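These exercises are meant for a reader new to the structure. Try each task before reading its solution.

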Amino acid sequence: MTDPSYRGQILVFTSPLIGNYGVPGNTAPFDNKDVGVVLESQNIQCSAVVVGDVAEKFSHYTAVESLATWCQRHGVPAITGVDTRAITRLLRDQGTTLGRVAIGLDVSHPVPAAEEFWDPSSENLVDQVSTKVPYELNPSGSIKIAVLDFGVKANILRSLVRRDAAVTVLPWNYDFNSIRDQFDGLFLTNGPGDPTHCMDAALKLRRTLTEWDRPVFGICMGHQIIGMAAGLDAYRMTFGNRGHNQPVLALVSSGSIKAGRVYVTSQNHQYALKLEDPFPQGWEPFFINCNDSSVEGIKSTANSGKKVWGVQFHPESAGGPLDTIEMFTDFVSECQAHKTQTSGTFNVASTEQPSATV
Amino acid sequence: MSLSRLRPSWINPLIRLNLRPFHSSGASRFALAATRPLRAVAAPAVGAYLKEERHVLNSPSEIARKISAKVLPKLPRPDVQKVVVVGSGGLSIGQAGEFDYSGSQALKALSEEGVDAVLINPNIATWQTSHQLASEVYFLPITTDYVAYVLEKERPDGILLTFGGQSALNVGIELDRMGILERLGVKVLGTPIRTLEVSEDRDLFVKALKEIDIPVAQSTAVSSVNAALDAAEVIGYPVILRSAFTLGGLGSGFAENADELRDLSAKGLSLSPQVLIERSMKGWKELEYEVVRDGADNTIICCNMENFDPLGTHTGDSIVVAPSQTLPDDEYHMLRSAAIKVIRHLGVVGECNIQYALNPTSKEYCVIEVNARLSRSSALASKATGYPLAYTAAKIALGHTLPELPNAVTKTTTACFEPSLDYIVTKIPKWDLAKFSSQVNREVGSSMKSVGEVMAIGRTFEESLQKAIRQVDPRWKGFEVYIEPEDLDTALTRPTDMRLFAIAYAMFRKNYSVDKLHDLTKIDKWYLYKIDNIVQTHHAIRNAGSIDNIDHELMTRAKRMGFADAQIADIILSTEDIVRAARKTLGITPFVKRIDTLAAEYPAHTNYLYTTYNASEHDVEFDEHGTMVLGSGVYRIGSSVEFDWCAVTCARKLRDMGKRTVMINYNPETVSTDFDEADRLYFEELGYERVMDIYELEQAQGVIVSVGGQLPQNIALRLKKNNVNVLGTSPEQIDNAEDRHKFSSVLDSIGVDQPAWTEVTTLVAAKAFAEKVGYPVLIRPSYVLSGAAMNVVFEESSLEYNLSAAANVSPLHPVVITKFIDNAQEIDVDAVAHNGKLLVHAISEHVENAGVHSGDATLVLPPYTLSIQDMARLKDIAEKVATAFEISGPFNMQIIKTPVKVPGEEPELKVIECNLRASRSFPFVSKVLGHNFIDVATAAIVGQDVPDPIDIMKEKREYTSIKVAQFSWTRLGGADPFLGVEMASTGEVASFGKNVHEAYWASLLSTTGFKVPRAGSGVLLGGDITKPEMASIAKGLVDMGFKLYCSSPVVEQFLNTIPYVIAKRIFFPTKDKRKLRMVFDEYEIQCVINLAKSRGLSFTDEDYVARRNAVDFGLPLLNNARTAQLFVESLGAKIPLGGLRSYTEGHIPSEVKSWQEFIGRRA
């Protein structure tokens, strides 16, 4: 619910029993372990919540309030006692649907006309959730990573910080190319909505990718941006992939990932990259979804001279399985390796590269 | 090589490898093909399973399949043609019906692959022991020796060890250790032996987990007080001390510091040579994860489960929910990641289960244990998720990887995924401890005591909990007050089989708060809050007062919390029918939902269904109008896997006849709840309310109530009265047979004899009747205060005791008294009739005399002492009864044959019991005679393709089969191992032989844990010396070189008067188990024969001590004169043939023959 990717959505939980363990306090320190919050962001990001059977009383040692009071505090409507399975079946058949929550007397009001519904996908949701100003986390980290924030989940930042990275979070459309040489790697985050709203970012990234050879890693929206920068098309899936049990098949071995292995992943996306044959020069599919064969990851080919990956799923989980969490380690190690490699030829890099980017 | 496989000799082995799935499947495999087609899979277990050698992702997407073919590892699949599957033997506490399910699924998988499966399992009542599933079946002991003989005889290429519980696992490890597998070239498929060893050996296991930094629960075995203190220093206080060999955990306890531990360990060590010191994790949460891993290292979690009861209660004795409810995402995934790490490290290939303890106030956890095999929990997980774990594990053992296998429910997607559940399941164990005499300790703890379990599906915890409560015992209507514990706080702190109801009492009557209950029970507050919702709703209904005051909102609320109509009726003093009618008037009816493993994300093609009130639409259409089959419900004493065999057989027969089937059952240990055994499976309650709901929704053609044991029969008449089309014998006739008065007058009218009986309401009348017919008499009180319900009494004083101290007799609680005929022989008749005409019947003879419950008795088929005249008269009785009750379907009678006083006189045959339904012995007689009684019964019930009558008892047979009861005395600390009119066994086994002695030998050895005494060892003899068999038993044992010992001077004197018999009386400590153990060791006593006349009255009764300790020391116990006699005779027959010799290469005993070889065809 605090994941900015859910911005503007009415969340329907398939699991009927929700709120059992309450909601924990949402403040954490800023240090080399934490990034200020316990959950995925400061606020509830979704527009409304629909559940089968909410727990009015909760039980967990970390909990400070119930789901209901938390929603109330954030002014987010929530409804319980709903046949969520019936809604799921409807959504399965017709895909993500515009909807409204009606309780009590609301039900007797006439149903609004189709055009009266607010369609979140028509807006640039990324712009709403992305940070407005750059900020830094764990400045004492041993490598410097820039994060383009399309609606970042705190656990992505946590996962980087805990691997000893100094993280600079930039607004989604920030002109990264102007400052790129301060960084050992670039990370593109998850985010809500239609990636075509972020064409600007994709175009900037295209330049980065052609001119800059340091590691780049993208997740979810970030993956789609990388794909678009590489020349692939993004499209709206009928239903999307959601939940914590999406199996993906690795097609290439890289770092902790082994080709031919199936990983169980956490996902939440409506848009995906088209599986094209052949792939653009210098790129290859990294993962595919076992169920619908949608592209779940792309990477630069071994002989392209680049270290770029994107994955549609969420290796950082929270929630979800930790099968692919080591991809963060892979990314950070690649950045480290690149840094060591280039530090040997420090003079060359520092004198020649800025001039090339001007 | 088996006869049944025809392999053209010209096929080059290399080519054969590629062709295997094609040429070895199909009809040619069965050279001895039966006349009707045998199918392993009722409907395809999985959908578009393509038998291809290519390594391809099972995906609906063609591109995904194409791409995956390039990257999926090309794992070589073991080249096996014939595989031995080791079963688990008789059902016992801790190893029950779940292994019928897992073995059956493994056999389905093998048969799909075109592999010949050879099954060893003496449990004749199981579904897996059928030729539909296995090429060959051996009804032989699950022991190293017998499995080795079968391997030597069958020469398989592979063996599956993880589908038959602990028994099969132990045998496998031992066979490997003895080098037999290697010598015979038998590959262990699936999880390697080394992994099994590591998971079984505590030291190796702890070491293995330490290598990967996974915390593990440590337990140190010590045999001195000082060692205990040292161990506690290492582990850290508080510690728990467990005594290894004591009654009901006697001497176990918690110690907070060294002083407490010193006292406790001194006490514990006086009772047991060894005690275990463990870290106390009292109050921690207990969780389980079911893990699947394939040979390519893909690892997934199928399901996780959370125990309602905190750590300390065996998971088999805990209430369990799935998925876990009180774990946030990070805790869930911490344990999930650890599970994957552990299972990869151990190298499991297939399925396994990992148990955790989790500190409720931190993220600290530790691993309790890993079961590197299919288990009870995996059966539960399979049923809870719809993921066929055993089937998948078998496929993995055959070299398939998860991505290549299909999701069995959606059929189009891959098996390499993790199910998501949009419902909650609750499991509650069934204990049945009251059945085992009052001596059994009711506390539940580290050792499992339950005999079965139920699983209920709902969309709220309240709904699934209340459903489950009703499933455990139909007398319970929901979460209500059923007991009033004297010491409530103790009843809450120390878990017993009734703790849930102690909580009910505390909440309803004593107003205990959730906080207080949590302090006492350590049960997570979330569960208690939910239970409190039930309590509050109960109060709201009571406050409404009458049905008219229950409005739509309150009725909806109650039904959504799982209240039954009958429960609501009780609260407002109304009737179920009135509540049901009012509810339907309000338009409140249940909805049917489907279990599809993916929370509706992908369409499912199976009909695995449940009902719920927490919904607003159905998942299915009701357009099939199938025939409903009611299953057996929970396994309990007296109703077990045999009724599952009946239900599955019936449903399959209906499908063969072209009918759509609807199965209802709620027992997760069964095959009938496999979603591919019927067109629609309702995992639901079997009470009147739910069966009516489903009947009305489905508009079913009819309901079959006679293949699921007594439970469905109980509602038959009510269904009929409410216009349900009950198929087969009329429910009025069922009622006539069950009502003693009606039954008796029917028998009188057709000239069939029965023992004298009466129903009395006063003690005086009881005495008068007993006086008239003469003692002994059998009493059957309708209201029992303590102890067993039924008893044989031999004199007036015990009649008085039994009807005053132990049971109540009053006009409200009448007692049925029957003349008990001493030394009478008992006979079981199983039969099928159609429209009152007998179609087929089987006559089995009991070894024990009447007085031993037929479920505990030893059955011989064909009979070995009955004359041709007896057989004809028995058939005549069966025909008369069939006609009198207009039977269409199965029925069973127990008949006694009175001893003949004057030679030449015709013995009397009296009917003592008659049930117009399938009985416990239906699978036994069907398999022994090679004639499926349920197939015939199903035809008779629906009146289609009814076969002509046949007298199969006239056929001469060159073999005998004997069914022996499987007891679980070891698990029931303190219980007297005594056979009486109340049934006590938990399962049964049956073996074949060329004669009675060979068959008895094999079947007795088939009972789990039976150890053959060494030649020349000691036998402790005792008990009732008035039994005529005592002398011949003693003489027989001495002749064979056994040494006789006894504890009582009376027995000593008696034995020593027998010519050539010498018996020595030994010092016999009745209170000190340790000393007794030393006495047994000193005299090398390896067998106990104690002819019990009645239950021991005190814990120091010598006969009780002898019987009980035979069980506790793991020695064979014979407690009945007739079976002891047969045992001695069988020993006499077997010893010259090397019966006491362990496995010897090249000397296959004559009983090692397959079912098919014995009966001459594939039945």
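UniProt, in an unreviewed entry, assigns the feature "domain: MGS-like" to residues 1010–1163 of chain B; UniProt positions follow the numbering used here, feature names are shortened, and annotations may be inferred rather than shown by experiment. The model is a predicted one, in which local features need pLDDT of at least 70, side-chain atom pairs count only at pLDDT 80 or more, and totals for chains, interfaces and linings use all residues. Residues are numbered from 1 along each chain as its sequence is written, and chains are lettered from A and ligands numbered from 1 in the order in which they are written.

**Exercise 1. Two annotated spans**

Task: Describe residues 1010–1163 of chain B and residues 1–102 of chain A by helix, strand and end-to-end distance.

Solution. Start with the terms: helices (H or I, at least four residues) and strands (E, at least two) are DSSP runs, numbered from the N terminus. In chain B, the span 1010–1163 is 38% helix and 14% strand, and its end C-alpha atoms are 29 Å apart. Next, take chain A, where UniProt lists residues 1–102 as "domain: Carbamoyl-phosphate synthase small subunit N-terminal", also from an unreviewed entry. This span is 18% helix and 17% strand, with 20 Å between its end C-alpha atoms.

**Exercise 2. Domains of chain A**

Task: State which domains chain A is divided into, and how many residues each gives to their contact.

Solution. The bounds, which come from an automatic or database domain assignment, are 4–122 for domain 1 and 125–343 for domain 2 of chain A. The C-alpha centres of these two domains of chain A are 26 Å apart. Contact requires C-beta atoms, placed from the backbone, within 7 Å. By that rule, domain 1 of chain A supplies 21 residues and domain 2 of chain A supplies 26. Last, sort the domain 1 side by class: Ala, Val, Leu, Ile, Met, Phe, Trp, Tyr, Cys and Pro count as nonpolar, Asp, Glu, Lys and Arg as charged, and the others, Gly among them, as polar. The side of domain 1 of chain A that touches domain 2 of chain A has eight nonpolar, eight polar and five charged residues.

**Exercise 3. The interface between the chains**

Task: Find which element gives the most to the side of chain A that touches chain B.

Solution. First, count the contacts: 42 residues of chain A touch 52 residues of chain B. Then list the elements of chain A that give two or more residues to this side: α2 (84–94), β13 (234–250) and β14 (262–273). The most comes from α2(A), with six residues. By class, this side of chain A holds 19 nonpolar, 15 polar and eight charged residues.

**Exercise 4. A helix pair in chain B**

Task: Are α5(B) and α7(B) parallel or oblique to each other, and which residues make their contact?

Solution. Begin with the axes, which are lines fitted to C-alpha atoms, for helices over the stretch in contact, with angles from 0 to 180 degrees between N-to-C directions. The axes of α5 (residues 165–177) and α7 (residues 193–200) of chain B come within 10 Å and cross at roughly 120°. Angles under 35 degrees count as roughly parallel, over 145 as roughly antiparallel, 65 to 115 as roughly perpendicular and the rest as oblique. The helices α5(B) and α7(B) are therefore oblique to each other. On the α5(B) side the contact uses B:L169, B:G172, B:I173 and B:D176, and on the α7(B) side B:I193, B:L196, B:E197 and B:E200. These residues comprise four nonpolar, one polar and three charged.

**Exercise 5. Backbone details in chain B**

Task: Locate the loops that hold B:P238, B:P776 and B:H625.

Solution. The bond between B:Y237 and B:P238 is a cis peptide bond with omega of about -5°, and B:P238 sits in the loop between α9 (225–235) and β7 (239–243) of chain B. The bond from B:Y775 to B:P776 is also cis, with omega near -5°; B:P776 belongs to the loop between α28 (763–773) and β24 (777–781) of chain B. Finally, B:H625 is not a glycine, yet has a positive phi of about 45°. The loop holding B:H625 runs between β18 (608–612) and β19 (627–630) of chain B.

Methods
Two residues are in contact if their C-beta atoms, placed from the backbone, lie within 7 Å.
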